[in-house]
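Work through the exercises below with the coordinates open beside you, and try each task before reading its solution.

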Amino acid sequence: MDPSTSALIVAVVGVIGTLTSGLLAHRSALQAKAVELDHAERQRREEQLSIERRESLSARRDSYAAFNQRLRQFHSVLSRNYLSLASGQTSPQQGDEREESRRMLRNVYAEAQMVISDDVLAVAGNLVHQLHRIHALLSQHEQGIATEESLEDIKDRLERASEGLYEVRQTMRRDLGTSSLPIHRPDDYGAT
């Protein structure tokens, strides 16, 4: 091979090498940028999911607080009405108070149904049904309508509903991750 051919081949290889290295460097830079953009997008999605989880948790916590408050208020009104009825000292305002408390619970429950978990919804729905049944029985007794259940039966229902209040609250707290207490009230709970 003649020296000029060798020099030409070396020059061509050199030019191809220079051009290829530029292309490879550019391709490598594009790949690095794509990886960087992908990582940034993944981080943005994770941050967005984290924000959505916090907002969802906050909405559930607010809903649980309002729902728990209305459940307890309705149970308290029903208990006071039962005691008045059992002692023979009823008044027309009791029915109004009971109906107002029931209406407020119904409204909060309707809102809660859109954000609470299925586990809480199942337990809470059962309790709401129990409280509405007690409300209907108290109304019938106040009006002197014969019922299948005596005042003693209503008292038993109120006690079971009290257990239900604990169960609903604990199920809510578990759902929020704030409690590891048992869902069902321990026998010595609240004992002094």
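## Exercises on a predicted model

S4 is partly exposed, with a relative accessible area of 49%, where buried means under 20% relative accessible area, exposed over 50%, and partly exposed in between, for a 1.4 Å probe and protein chains only. The model is predicted, and for that reason local features need pLDDT of at least 70 and side-chain atom pairs count only at pLDDT 80 or more, while totals for chains, interfaces and linings use all residues. Residues are numbered from 1 along each chain as its sequence is written, and side-chain values use heavy atoms, with hydrogens and water left out.

**Exercise 1.** Describe the fold and the overall dimensions of the protein chain.

*Solution.* Begin with the secondary structure, in which helices (H or I, at least four residues) and strands (E, at least two) are DSSP runs numbered from the N terminus. The protein chain has four helices and zero strands, and along the sequence this reads as α-α-α-α.

Next, take the radius of gyration over C-alpha atoms and set it against the globule rule, 2.2 Å times the number of residues to the power 0.38. A compact globule of 192 residues would come out near 16 Å, whereas the protein chain has 35 Å. The C-alpha trace spans about 125 × 35 × 25 Å along its principal axes. As an example of a long separation, S4, which is found in helix 1, has its C-alpha atom 84 Å from that of M114, with these positions 110 residues apart along the chain.

**Exercise 2.** Summarise burial, contacts, surface and charge for the protein chain.

*Solution.* For burial, 28% of the 192 residues count as buried. For contacts, meaning heavy atoms within 4.5 Å, residues 24 or more positions apart account for 67% of those with a separation of 6 or more.

For the surface, the Shrake-Rupley method with a 1.4 Å probe is used; the accessible surface comes to about 12,500 Å², and 54% of this belongs to carbon and sulfur atoms. For charge, Lys and Arg count as positive and Asp and Glu as negative, with His and the chain ends not counted, and each charge is placed at NZ of Lys, CZ of Arg, CG of Asp or CD of Glu. The mean positions of the 24 positive and 28 negative charges are then 3 Å apart.

**Exercise 3.** Which residues form the aromatic pair, and how are their planes arranged?

*Solution.* Rings of Phe, Tyr and Trp (its six-membered ring) pair if their centres lie within 6.5 Å; planes under 30 degrees apart count as stacked, over 60 as edge-to-face and the rest as tilted. The structure holds one aromatic pair. The ring centres of F67 and Y109 are 5.3 Å apart and their planes meet at 15 degrees, so the pair is stacked. Because F67 lies in helix 1 (residues 3-87) and Y109 in helix 2 (residues 92-112), the pair ties together parts that are 42 residues apart in sequence. F67 is buried at 0% relative accessibility, and Y109 is buried too, at 15%.

**Exercise 4.** Trace the surroundings of R98, H135 and I116.

*Solution.* R98 lies in helix 2 and is buried at 2% relative accessibility. Leaving aside neighbours within four places in sequence, its contacts include F74, V77, L78 and H135; the C-alpha atoms of R98 and V77 are 6.1 Å apart, although 21 residues separate them in sequence.

H135 is found in helix 3 (residues 118-142) and counts as buried at 10%. With residues up to four places away again set aside, H135 touches F74, L78, R98, E99 and R102.

Finally, I116 is in the loop between helix 2 and helix 3 and is buried at 8% relative accessibility. Beyond its neighbours within four places, I116 is in contact with R60, S63, Y64 and L121.
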